[in-house]
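Please examine the model shown below. The paragraphs after it lead from one residue to the core around it and then to a pair of helices.

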Amino acid sequence: MSGNLPVQSVTADYAQRVADDLSANRSEQEHVRTELARLQDELVRLEDSEQVLTKMQEVLGGAPEQAVKQGKGRKSAAVPAARGSNRTTAAGKPAAAAGRKASKKTVSPKKAGEPTWLELTTAYLGGQSEPRSAAEVAASLTEAHPERTVQVTVVRNSLEQGVAQGLLERSKQGRSVFYSPTAPASVPSGS
């Protein structure tokens with residue numbers, strides 16, 4: 001019976017080590033999942049930022065084609081899903097991202113002869129008697145130009161560009177931001 005005791009002790013030691021290793025493995029898995037989720041969130045924010053910057057470049061008359069080509073090269077590696085071991089959800093994530101990218105490509109660039117977003121926003125605000133928010137300007141431009149895809153972020157960036165160029169004025173009321181055309185310098189303020 002005494003020969004059987006060391007075998008039980010060794011088995012118990014191995015069982016404890018396996019349990020400790022399993023616990024450490026699960027803890028590391030959770031740490032990696034958390035980090036992966038954070039990185040995926042950061043990637044989504046960067047993609048959104050890239051879209052805004054591409055639109056700004058388009059508004060400024062830059063070459064968005066070059067940015068799109070660079071973006072395509074980086075998209076070759078798919079990021080797996082952060083949660084669950086189900087492979088179909090992991091495959092679904094890149095497909096959803098690809099669908100999101102495809103919808104971005106459907107936005108048609110400005111055709112030759114069409115006014116820029118800056119021109120459209122300043123012209124619209126020039127005909128208004130009171131300041132307007134970016135959402136109001138975007139809604140009005142959507143009605144006035146149904147052939148063009150109007151996004152509030154693009155309109156807001158165009159409005160900010162107008163402020164930077166001195167064409168528009170920005171005013172805040174609480175947390176809301178409103179835009180209006182600058183007052184002509186030749187008109188005296190007393191009359």
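Which residues does leucine 125 touch, not counting residues up to four places away in sequence? In this predicted model, the residues in contact with leucine 125 are Arg132, Val137, Leu159, Leu168, Tyr179, Ser180 and Pro181. Leucine 125 itself lies in helix H4. Its relative accessible area is 1%, and because buried means under 20%, leucine 125 counts as buried. One of its partners, leucine 168, stands 43 residues away along the chain, yet the C-alpha atoms of the two leucines are separated by 8.5 Å.

Leucine 125 also belongs to a wider group. The largest nonpolar core comprises 15 residues, and those with the most contacts inside it are Trp117, Leu125, Val137, Leu141, Val150, Val155 and Leu159. Two or more residues of this core come from each of helix H4 (117–126), helix H5 (134–144) and helix H6 (152–164).

The next step is to consider how two of these helices meet. H5 and H6 pack at an angle of about 115°, and their axes are 9 Å apart. Angles of 65 to 115 degrees count as roughly perpendicular, and H5 and H6 are therefore described as roughly perpendicular to each other. H5 passes H6 in a right-handed crossing. On the H5 side, the contact is made by Ala134, Ala135, Val137, Ala138 and Leu141, while H6 contributes Val152, Val155, Arg156 and Leu159. Eight residues of this contact are nonpolar, none is polar and one is charged.

How values were computed. Residues numbered from 1 in each chain as written. Predicted model: local features only at pLDDT ≥ 70, side-chain atom pairs only at ≥ 80, totals over all residues. Heavy atoms only, no water. Core = buried A, V, L, I, M, F, W, Y, C linked by side-chain atoms within 4.5 Å. Buried < 20%, exposed > 50% of the residue type's maximum accessible area, 1.4 Å probe, protein only. Helix = DSSP H or I, 4+ residues; strand = E, 2+ residues; numbered from the N terminus. Axes fitted to C-alpha atoms, helices over the stretch in contact; angles between N-to-C directions. Parallel < 35°, antiparallel > 145°, perpendicular 65-115°, else oblique. Left-handed = near helix turned anticlockwise from the far one by under 90°. Contact = heavy atoms within 4.5 Å. Nonpolar A, V, L, I, M, F, W, Y, C, P; charged D, E, K, R; others polar.
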